[in-house]
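Me: Please take a close look at a single part of this model, and then describe the packing of its nonpolar residues. I would also like to know how confident the prediction is.

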Amino acid sequence: MWAPILVAVLLAASGGQLGRRLHPAVAVPLLTFAALATALATGFVLAVAAFDAMAMLAPVAQLGHWSAAAVRPGGPPSVVLGAAAGLSVGVLLVAAVRRATRLGVDLGHAVATCRRLGPDADGLVVLRDDAPDAFVLPGVRGRVVVSTGMLRMLPPDERRVLLAHERAHLAGYHQLYVQL
């Protein structure tokens with residue numbers, strides 16, 4: 001039961017060092033999927049702990065047509081820990097649904113913005129803005145967006161580096177790793 005929590009602590013303690021030691025093409029997917037698997041396993045363990053505590057309650061046992069004593073013959077689990085686990089699962093589930101919904105809305109806005117920008121041969125959009133800024137709009141046909149302020153402050157060789165950097169984010173679907 002404690003394995004996912006232990007793995008999460010170890011991942012938190014070693015993730016930064018692994019990220020610095022491994023090549024980014026290895027570190028990013030490895031750490032992202034390790035964190036995702038650990039989060040899902042922790043949620044599962046919390047849900048099982050909550051169910052285990054709930055199964056001992058007489059009304060729940062009656063609904064499930066089982067004997068509360070047969071479910072845990074060694075004695076009742078801590079109702080407080082079970083309630084805390086259930087509350088944690090509920091809060092995490094609501095947060096995950098809200099995050100996924102927000103992500104879907106944001107991605108829909110990004111796709112709509114890309115459509116409004118129209119077709120572009122090289123996927124580059126230049127915004128008239130004095131503030132230096134550069135980012136990508138994700139989507140099936142994402143765009144690299146750079147402000148005129150950013151372009152003005154960089155010499156030509158640094159502009160090429162900036163554009164290559166932003167295109168690498170788009171080509172590598174880096175926004176997916178960030179969201180995961």
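Reply: Tyrosine 173 lies in the loop that links helix H7 (156-171) to helix H8 (174-179); helices are DSSP runs of H or I with at least four residues, strands are runs of E with at least two, and both are numbered from the N terminus. The model is predicted, so local features need pLDDT of at least 70 and side-chain atom pairs count only at pLDDT 80 or more, while totals for chains, interfaces and linings use all residues. Residues are numbered from 1 along each chain as its sequence is written, and side-chain values use heavy atoms, without hydrogens or water.

Although tyrosine 173 is not a glycine, its phi is positive, at about 50°. The residue counts as partly exposed because its relative accessibility is 47% (buried is under 20% relative accessible area, exposed over 50%, partly exposed in between, with a 1.4 Å probe and protein chains only).

Helix H7 also takes part in the largest nonpolar core, a set of 10 residues: Leu124, Ala134, Val136, Val144, Val146, Met150, Leu154, Leu162, Leu163 and Leu170 (a core joins buried Ala, Val, Leu, Ile, Met, Phe, Trp, Tyr and Cys through side-chain atoms within 4.5 Å). At least two residues each come from strand S2 (134-137), strand S3 (143-147) and H7, with H7 giving the largest share, 3 residues. Beyond its neighbours within four places in sequence, leucine 162 contacts Ala134, Val146, Met150 and Leu154 (heavy atoms within 4.5 Å). A second, separate core has 5 residues, among them Cys114, Val125, Leu137 and Val145.

As for pLDDT (the predictor's confidence in each residue, from 0 to 100), the protein's mean is 84, and 92% of its residues reach 70 or more. Among its elements, helix H6 (residues 148-153) has the highest mean, 94, and helix H4 (residues 68-71) the lowest, 66.
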